[in-house]
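Work through the following exercises with the sequence and the model side by side, and try each task before reading its solution.

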Amino acid sequence: MGKRSEYTRGTFSYAELVSPDAEGSKAFYGGVFGWHADDQPLPGGGSYTMFRLDGDTVAGLHQPGEQQPPAWLVYVTVADVDATASRAGELGGAVLAGPFDVMEAGRMAVVADPTGAVFGAWQARGSIGAERVNDPGCLTWCDLASPDPDAARAFYEQLLGWSFEPVDTGGGPPYTLIAGAGGINQAGMRPTQEGEPANWMPYFTVESTDDTIARVGEPLFGPMDVPNGGRIAAMRDPQGAVFAVSDGEVDD
């Protein structure tokens, strides 16, 4: 089981869906991943949804007060979110929101890297983020698509201490592995395709990528075999948010 009680600095620790149609999103992801939607009341009204799997928090859902495009936001654990946000600005990034407290759960900021890809920085207090990863229905990987991979690499190396290792794709599109604390691979980077904006995309583990496609419908790309013996595919949910799935081998 991929249960977690803490995350080290620079590790992806959570994925949050922003959706204007909360009920539609709950129904869709409940059907795809078996998630149970647990609505938590917020001070001043409204609610925040924790997606749970067998009682463990695996992701979240936020319904914005203002119209925002549906999207997944991935979070990276940091030791000091205020210092991280300040440093991101110095390195050419932009702080889009925060830093601010999320009640007793933690403190966060939303940051765009210099190439435009957006992610969340999370300083844990009462909540570490996802209580379970890698298992079917859980976050397992994150991919960065950047129009300027060199600029993105320099930014994340200095901000989060990540290391980058190009992969021999045998003449295929360039791809780079990203390792965080302890040299553990947790993400990858590729150039954006024509017309694609910079973005971070979460991957969720499934039992079978092909079976998931059969339930969801035509993927944006894939299914494609990857070196770990599994198959991956990217999909768009009914509200428009993009995510990917993988049925390959994962760490505990």
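Two strands are said to pair if DSSP finds at least two bridges between them, and helices (H or I, at least four residues) and strands (E, at least two) are DSSP runs, numbered from the N terminus. The model is a predicted one, in which local features need pLDDT of at least 70 and side-chain atom pairs count only at pLDDT 80 or more, while totals for chains, interfaces and linings use all residues. Residues are numbered from 1 along each chain as its sequence is written, and side-chain values use heavy atoms, with hydrogens and water left out.

**Exercise 1.** Determine in what sense strand 13 and strand 16 pair, and place both in their sheet.

Solution. Strand 13 (residues 199-205) and strand 16 (residues 242-246) are joined by three bridges in the parallel sense, and Y203 lies opposite A244 of strand 16. The sheet to which they belong is open, has eight strands with mixed pairing, and follows the order 10-11-12-9-13-16-15-14. Its edges are strand 10 (163-166) and strand 14 (221-225), each of which has a single partner strand, so one side of each lacks a neighbour in the sheet. From one strand to the next the twist averages 25°, where angles run from 0 to 180 degrees between N-to-C directions and axes are lines fitted to C-alpha atoms, for helices over the stretch in contact.

**Exercise 2.** Describe the partners of strand 9 and say whether the strand is mostly covered or not.

Solution. Strand 9 (residues 139-146) runs antiparallel to strand 13, with six bridges between them, and C142 faces P202 of strand 13. With strand 12 (residues 185-191), strand 9 pairs in the parallel sense over five bridges, one of the partnerships being that of S146 with P191. Seven of the eight residues of strand 9 are buried (under 20% relative accessible area, with a 1.4 Å probe and protein chains only; exposed is over 50%, partly exposed in between).

**Exercise 3.** Characterise the packing of helix 2 against helix 3.

Solution. The axes of helix 2 (residues 81-90) and helix 3 (residues 149-160) come within 10 Å and cross at roughly 150°. That makes the two helices roughly antiparallel, a term for angles over 145 degrees, whereas those under 35 count as roughly parallel, 65 to 115 as roughly perpendicular and the rest as oblique. In the contact (heavy atoms within 4.5 Å), T84, R87 and A88 of helix 2 meet F155, Q158 and L159 of helix 3.
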